[in-house]
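Here is a short report for a reader meeting this protein for the first time. Please look over the sequence and the structure before reading on.

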Amino acid sequence: MFRRQKAQDEGEKDPLLDEGESESLSDFRPLVVLEFSSKTTAVTREWMKAKIEASKKQGGAELYAKTVVANDGEERVLLVSAPQERLLQGAEQMGLKKKYKDGSVRPFTFAERQNVEDYTESLEGMLTMSQSQYIIKVELDNIRALETENHIPGCSDRKARLYKGKSILSRMVSCHLLDKMYPVHNPDQLKRLQHDWYHLHSPKQLMGGQPIETIRGYFGESVAMYFAFLGHYTKALVVPTVIGVLYYLFNESGRNDFVIFAVFNMIWATVFLETWKRTSSAHAYNWGTLGRKAFEEPRAGFHGKLGVNPITGRSEPVYPSWKRLLRIYCVSFPIVILCMLVAVVVMMVYFWAENIAKAKHKEENTMLTKGLVLVPSIVYSVVIILMNQAYRTLAQYLTKNENHREQSAYENYLIVKLVLFDFVNCFLCLFYIAFVMQDMNYLRQSLAILLIVQQLVGQLQETLLPYLLMRKRIKKGEKSGLDHVSKPLHEIPRSKQAEVESLMDRYEGTFDDYLELFWQFGYVFLFSAVYPMAAFWALANNVMEIRTDAFKMCRIFQRPFMEPAANIGAWQMVFEVMGFIAVMTNTALIGMSPEIQPLLEGYTTVQKVLIFVAAEHLIIFIKVVLAFAIPDMPEWVETQMGRIEYQSTQALKKQPDCPLETEV
């Protein structure tokens with residue numbers, strides 16, 4: 001993909017030279033790579049390079065940029081960097097928080113840099129590499145067109161128009177002038193992370209233990225928060241797994257203990273989610289993201305007529321909210337409902353095929369027909385996965401069409417669409433079996449097949465697909481003459497690192513990972529009253545999931561940009577709602593159990609319903625009490641947050657009062 005950097009102006013240093021090959025690299029440390037498309041002209045590339053290096057007053061980013069020549073002889077790649085002082089100034093402007101020598105975590109200011117805990121005179125080490133790369137990304141995104149710039153130079157496309165205050169980088173992406181932008185890996189840090197992360201060294205690692213702080217330092221808060229949640233969830237599954245396995249082994253004849261197990265699971269789900277809030281708030285405080293509120297710039301895909309933002313005063317696209325609501329309720333909502341109806345039809349086809357298989361087995365009663373009975377469930381499990389994936393593409397298109405300004409709003413609306421469909425697609429057949437057919441044995445069998453098959457297919461995708469992608473990358477690299485592409489990054493010459501990373505696949509974020517945990521959580525807790533082994537299969541899957549996800553992050557994907565995160569966002573509410581639905585389903589299943597029915601002899605149907613509604617409300621009351629009894633923050637975090645607020649108030653009091661202006 002790349003050749004050695006062009007001998008820039010005769011005598012300029014190569015930013016990717018190996019140690020010992022030539023001059024020191026201390027004055028230029030490549031942090032971010034920009035790859036232009038093949039249709040981008042030299043005029044456009046030079047103009048973009050000049051914008052990156054220009055001052056803020058000239059609409060630039062005040063960063064360093066150096067050109068790398070591709071194999072086709074075109075200078076289509078820019079390596080972007082910045083001096084440490086510039087990065088620290090960017091950290092202050094963005095409101096990044098740092099830990100100070102007094103133990104507090106508060107917004108960083110360049111003037112107070114000497115009071116920061118990790119201060120050095122050289123300023124090195126005060127920011128992690130991922131933070132530095134994030135700052136550069138924000139600065140690049142904030143390169144905006146000046147009033148005199150109305151078109152991207154060197155581009156004849158009519159869509160390449162520029163508007164004052166509009167992000168130039170976003171426009172280049174939408175015009176297909178910029179193919180890739182990604183942060184570079186640090187081979188030495190990555191090698192240590194691989195050793196500590198997906199290589200097993202202790203039983204603690206097996207049960208979800210991970211180097212979360214190291215993950216956060218390398219990949220940022222968003223990725224670290226997901227893996228912290230996955231580890232916390234995996235540990236929380238240990239107790240219901242042990243109880244479920246003991247019940248399965250020693251209590252096959254009766255189901256009375258199983259009622260207790262189901263009630264325990266309902267309560268345990270609340271304990272797990274509430275303790276996670278405490279864990280996430282502790283992480284967020286240490287990482288400086290707790291309570292951090294940042295103004296969101298328009299996302300790259302947002303469009304509309306040019307207007308003025310009332311908060312920033314800058315020119316940016318403006319889109320009427322009534323148009324967005326019209327698209328949500330008149331386009332997206334009906335299509336989502338239609339897709340859910342399609343899922344219902346597919347479910348009925350599954351039951352039809354199942355009945356045919358059962359009738360065939362009843363008629364012939366052979367080993368072949370006995371195996372044939374399981375085929376519809378297995379095929380249906382795979383169909384559910386394929387439908388989820390197809391719908392995901394549709395949901396992304398619909399949400400993009402709604403034209404949300406903020407990335408957070410886009411993600412929240414996408415989550416709602418995906419959760420609604422996945423809930424119907426994954427769980428509706430189980431509700432039908434439980435409460436319409438009322439066949440508990442069939443429910444147990446279907447739940448087991450759906451959970452195991454979907455996790456098995458998921459693991460094949462998690463392990464086989466990454467391997468195939470890696471083999472594809474190696475073959476592609478070898479065809480280009482890159483014999484070293486099959487080696488780990490720390491074994492590759494630094495001059496070849498950008499070439500290898502360019503061939504890696506782009507990491508799409510944690511969205512799909514959370515969605516996978518959502519339906520797994522539903523299988524484990526929604527129907528605890530019929531299948532106690534569900535937690536065991538989920539635990540076994542998650543132990544593998546941590547290792548395979550870690551491998552993909554370190555070996556398969558390009559390094560993602562850091563994204564600040566104080567928690568798991570809307571997914572917290574999704575899991576909590578699922579916990580309340582689990583109370584209703586399990587209470588109803590307990591009420592239908594043969595062991596409970598004799599205890600209710602003499603009661604009318606209405607009285608039985610009232611009894612179980614009261615039981616359901618009692619369990620919900622216990623869950624709510626637990627939610628209030630377990631504080632969302634550890635006491636030490638609340639103390640530190642209170643101290644910071646007090647210090648801020650005192651600092652404001654010490655500031656001299658500004659004289660009020662009066663009109664004459």
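## A partly exposed phenylalanine

F536 has a relative accessibility of 30%, so it counts as partly exposed. Buried would require under 20%, and exposed over 50%. The model is a predicted one. F536 belongs to helix α18.

What does F536 touch, once its neighbours within four places in sequence are set aside? Its contacts are T241 and V245. P240 also comes into the picture. It sits 296 residues from F536 along the chain, yet the two C-alpha atoms are 7.9 Å apart.

## The chain as a whole

The protein chain has 664 residues, and 50% of them count as buried. It holds 21 helices and eight strands. Its accessible surface comes to about 32600 Å². Carbon and sulfur atoms account for 60% of that surface.

How do contacts span the sequence? Take those between residues at least 6 apart. Of these, 73% join residues at least 24 apart. A498 offers another case of distance along the chain. This residue is in helix α16. Its C-alpha atom is 9.7 Å from that of P30, although 468 residues separate the two along the chain. A498 has 9% relative accessibility and therefore counts as buried.

## Two nonpolar cores

The largest nonpolar core contains 109 residues. Within it, W197, F427, F518, F527 and W571 have the most contacts. Helix α14, residues 407-437, is the top contributor to this core, with 14 residues. A second core is separate and has 52 residues, including L78, L162, L178 and Y182.

F527 deserves a look of its own. Which residues does F527 contact, beyond its neighbours within four places in sequence? They are L430, F431, A434, L443, L447, G522, N586 and L589.

## Helix α1 and its surroundings

Helix α1 covers residues 42-53, twelve in number. From first C-alpha to last it reaches 17 Å. That is close to the 16 Å expected at 1.5 Å a residue.

Which residues of α1 are buried? They are T44, R45, W47, M48, K49, K51 and I52. An α-helix has 3.6 residues a turn, so residues three or four places apart point the same way. The buried residues of α1 pack against three strands: β1 (32-36), β2 (64-68) and β3 (77-81). They also pack against helices α3 and α4, the latter spanning 168-174.

## S132 in helix α3

Helix α3 runs over residues 129-141 and includes S132. Is S132 buried or exposed? With a relative accessibility of 1%, S132 counts as buried, because the cut-off for that label is under 20%. Leaving out neighbours within four places in sequence, S132 contacts R29, L31, L87 and L127.

## Aromatic pairs

A search of the whole structure turns up 32 aromatic pairs. One of them joins Y350 and Y380. Their rings are stacked, with centres 4.4 Å apart and 5° between the planes. The pair links distant parts of the chain, 30 residues apart. Y350 lies in helix α11, residues 321-364, and Y380 in helix α13, residues 375-401. Both partners are buried: Y350 has a relative accessible area of 6%, and Y380 has a relative accessibility of 4%.

Y507 and F557 form a tilted pair. Here the centres are 5.5 Å apart and the planes meet at 55°. This pair also links distant parts of the chain, 50 residues apart. Y507 is in the loop between α16 (497-503) and α17 (511-525). F557 is in the loop between α18 (534-556) and α19 (570-592). Y507 is buried, at 12% relative accessible area, and F557 is buried, at 14%.

## Charges over rings

Where does the charged end of R106 sit? It lies over the ring of Y100, 3.8 Å from the ring's centre. K358 has a similar placement. Its charged end sits over the ring of Y442, 3.7 Å from the centre.

Conventions. Residues are numbered from 1 along each chain as its sequence is written. This is a predicted model: local features need pLDDT of at least 70, side-chain atom pairs count only at pLDDT 80 or more; totals for chains, interfaces and linings use all residues. Side-chain values use heavy atoms; hydrogens and water are left out. A nonpolar core is a set of buried Ala, Val, Leu, Ile, Met, Phe, Trp, Tyr and Cys residues joined through side-chain atoms within 4.5 Å. Buried means under 20% relative accessible area, exposed over 50%, partly exposed in between (1.4 Å probe, protein chains only). Helices (H or I, at least four residues) and strands (E, at least two) are DSSP runs, numbered from the N terminus. Contact means heavy atoms within 4.5 Å. The expected span of a helix is 1.5 Å times one less than its number of residues. Rings of Phe, Tyr and Trp (its six-membered ring) pair if their centres lie within 6.5 Å; planes under 30 degrees apart count as stacked, over 60 as edge-to-face and the rest as tilted. A charge sits over a ring if NZ of Lys or CZ of Arg is within 6 Å of the ring centre and within 35 degrees of the ring normal. Accessible areas come from the Shrake-Rupley method with a 1.4 Å probe; for residues, only the protein chains shown count as cover.
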